[in-house]
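Let's go through the charged side-chain pairs in this one. Have the coordinates open as you read.

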Amino acid sequence: MSVVTVEIAGQRYPIRSSLDERYVAELAAYVDLKMRAAVTAAPESDMLGLAILVALNIADDVFPRTAAAVERSRRAQRAGAPPGAACRRRSRANDDSAGV
């Protein structure tokens with residue numbers, strides 16, 4: 001596990017992670033971009049309010065895909081497939097299309 005120091009909204013944060021340092025830096029850059037957009041949209045907000053706004057915006061980016069995946073899994077289970085079968089089928093299809 002390593003420590004990566006990132007900067008978000010002008011503040012430096014040491015992040016302890018087992019993830020690749022470059023990936024952590026990319027994540028931090030994405031959060032920083034969202035924070036800067038939030039500051040522009042709501043300049044009167046404090047940092048906590050901005051962080052909540054950014055968390056909601058990121059959740060909004062991710063949630064529709066996650067919800068769709070959960071629904072696919074539920075449909076597959078109702079059809080009698082074992083849990084995770086929809087994901088495995090989709091992964092195999094993606095592998096085939098990638099030429100792997």
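## Salt bridges overall

There are 5 salt bridges in this structure, which is a predicted model. Side chains of opposite charge can pair up when their charged atoms come close. Three of the pairs are covered here, including one that joins two helices.

## Linking α1 and α2

Take lysine 34 and aspartate 61: they form a salt bridge, with 3.0 Å between the closest N and O atoms. Lysine 34 sits in helix α1 (residues 21–41) and aspartate 61 in helix α2 (residues 47–78), so this pair ties together parts that are 27 residues apart in sequence.

How exposed are the two partners, lysine 34 and aspartate 61? Lysine 34 is partly exposed, at 22% relative accessible area, just as aspartate 61 counts as partly exposed at 29%.

## A small network in α2

Which residues are linked in a network of salt bridges? They are Glu71, Arg75 and Arg78. Glutamate 71 bridges to arginine 75, where the closest N and O atoms are 3.9 Å apart. That still makes the list because the cut-off is 4 Å. These two residues are 4 apart in helix α2, so about one helical turn separates them. Glutamate 71 also meets arginine 78 in a salt bridge, at 3.2 Å from N to O.

As for accessibility, glutamate 71 counts as partly exposed at 29%, and arginine 75 is partly exposed too, with 44%. Arginine 78, at 61%, counts as exposed, because the bar for that is over 50%.

Conventions. Residues numbered from 1 in each chain as written. Predicted model: local features only at pLDDT ≥ 70, side-chain atom pairs only at ≥ 80, totals over all residues. Heavy atoms only, no water. Salt bridge = Lys/Arg side-chain N within 4 Å of Asp/Glu carboxyl O. Buried < 20%, exposed > 50% of the residue type's maximum accessible area, 1.4 Å probe, protein only.
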